[in-house]
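Student: I would like a close look at a single part of this model, namely the surroundings of the ligand. Please then place that part beside some other local features of the chain.

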Amino acid sequence: MIYLDYNATTPLDKEVLEAMLPYLEDVYGNPSSTYAFARKSRKAIDEARQKAASFLGAEPDEIIFTSGGTESDNTAIKGVSFARLPKKGSIITSSIEHHAVLNSVKSLEKFGFECKYLNVDEFGLIDLGRLKDYLGPDTILVSVMYANNEVGTIEPVKDIVRLCRDKGIYVHTDAAQAAGKIKIDVKELDVDFLSLSAHKLYGPKGVGVLYAKRGVKFEPLLHGGRHEKNRRASTENVAGIVGLGKALEIARSRMDDEERNIRILRDKLQNGILERIPEVKLNGHPDKRLYNTLNVCIKYIEGEGMLTHLDFEGVCASSGSACTSGSLEPSHVLLAMGIPHELAHGSLRFSLGKYNTESEIDRVLEIFPPIVEKLRSMSPFWNGK
Ligand SMILES: *Cc1c(COP(=O)(O)O)cnc(C)c1O
């Protein structure tokens, strides 16, 4: 198998697994219990919190462990809005967010909040001018992703913060794709909330972080015990949190080397595809883009067909669309970037990671062009150019 879908999820790093195992086996005490045995679990969480804080340049009490990127996004967006009730207000987001953000924002309309969506340019960059126009006295929160999961475009989060800071408007960024790939310092970025997810950076599924700056006000999503300083009830996912801490520690120490290696492979794949296959459109920003992500539209054929053929050959990729089983709606991200429907249907996302090798890329470059050729030969839109 050749795995080229790291933006969907990553394999668990063996070192992360090793770090987690004791907390799945022997060290099972409830971290809220008071005896020495349980204090081992508490200590493990405290250490992971310290690692997460170091990773983000945050303070440990600004780190809230959640069940993943989705919960972190929901907590920031709904939490800030609900804390204002009975007052309402408006929330601004971009049209290319992950559905964890888009649908959280949308759900607030039912409660009387107003939602505004920023358009993006052909490269997927948000319109800062439009943001300036949208910001008003009733704006509560701006939520724009750090880097897009489908095309990899990196958004100008610092500029967004600059526009919001003196107006007292909160800024949240979904950094699920950026974390582990780009160095993040929340103090320098000056955002109020940031989400990340362990399984996007070689950690386990079902655990994530919400960074919440000291002093910000938000209503918790989960009410119950006094866990996470009353900000997220439920007995902690100790092994998951330990794994997340380890994954962040590894990412921090090896980020530069990984970037160098993965970028070389991604560029090789990108250039190889553009050289070998005619009529291909590269999606996303030419350089303000995650170094592991390659999203292309292969004209005249459909992404799903290519994925099936790649799957036969053991290659895992994605159509870059959020299409859930059977729904053939093209990607909302590509459509927002102004790519026509028929072209967006032919999109394909390859996202690379630290376990990919050059021979895997060679193999894909060998098998992929004939797949395209075959599908095009059967396409009524392809005239054999
Ligand atoms: C994966 C992802 C999420 C969701 O994270 P989960 O941990 O799977 O809930 C949210 N936003 C982005 C940009 C993602 O890539």
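Tutor: What follows is an account of the ligand's surroundings, and then of a sheet and of two buried residues. The model is predicted, and the values below are computed from it.

The shell around the ligand holds 13 residues, of which Thr70, Asp174, Gln177, Ser197 and Lys200 come nearest. By class, eight residues of this shell are polar, three are charged and two are nonpolar. Among the elements that supply the shell, helix α3, which spans residues 69–82, gives the most, with three residues.

Several polar side chains can be paired with oxygen atoms of the ligand. For Gln177, an N or O atom of the side chain is 2.7 Å from a ligand oxygen. For Lys200, a polar side-chain atom also lies 2.7 Å from an oxygen atom of the ligand. His199 adds a further contact, with 2.8 Å between an N or O atom of its side chain and an oxygen atom of the ligand. As for overall cover, the ligand on its own has 390 Å² of accessible area, and the protein covers 88% of it.

The sheet may be taken next. Three strands make up an open sheet in the order β9-β10-β12, with antiparallel pairing. Strands β9 (280–283) and β12 stand at the edges and have a single partner strand each, so one side of each is left without a neighbour in the sheet. From one strand to the next, the twist averages 25 degrees. Strand β10, residues 293–298, is joined to β12 by five bridges, and the two run antiparallel. Within this pairing, Leu294 has Phe350 of β12 as its bridge partner.

Strand β12 covers residues 347–351 and includes Arg349. Is Arg349 buried or exposed? Arg349 counts as buried because its relative accessible area is 6%, which is under the 20% limit. The side chain of Arg349 also reaches the backbone oxygen of Asn149, at a distance of 2.8 Å.

A second buried residue lies in a helix. Met255 belongs to helix α9, which runs over residues 238–276. With a relative accessibility of 5%, Met255 is buried by the same kind of test, since the limit is 20%. Met255 and Gly180 are 75 residues apart in sequence, yet their C-alpha atoms are 6.7 Å apart in space.

Definitions and conventions: Residues numbered from 1 in each chain as written. Predicted model: local features only at pLDDT ≥ 70, side-chain atom pairs only at ≥ 80, totals over all residues. Heavy atoms only, no water. Helix = DSSP H or I, 4+ residues; strand = E, 2+ residues; numbered from the N terminus. Buried < 20%, exposed > 50% of the residue type's maximum accessible area, 1.4 Å probe, protein only. Polar contact = N/O pair within 3.5 Å; in protein donor to acceptor, adjacent residues only side chain to side chain. Near = heavy atom within 4 Å. Areas by Shrake-Rupley, 256 points an atom, 1.4 Å probe, with all protein chains shown as cover. Nonpolar A, V, L, I, M, F, W, Y, C, P; charged D, E, K, R; others polar. Pairing = 2+ DSSP bridges. Axes fitted to C-alpha atoms, helices over the stretch in contact; angles between N-to-C directions.
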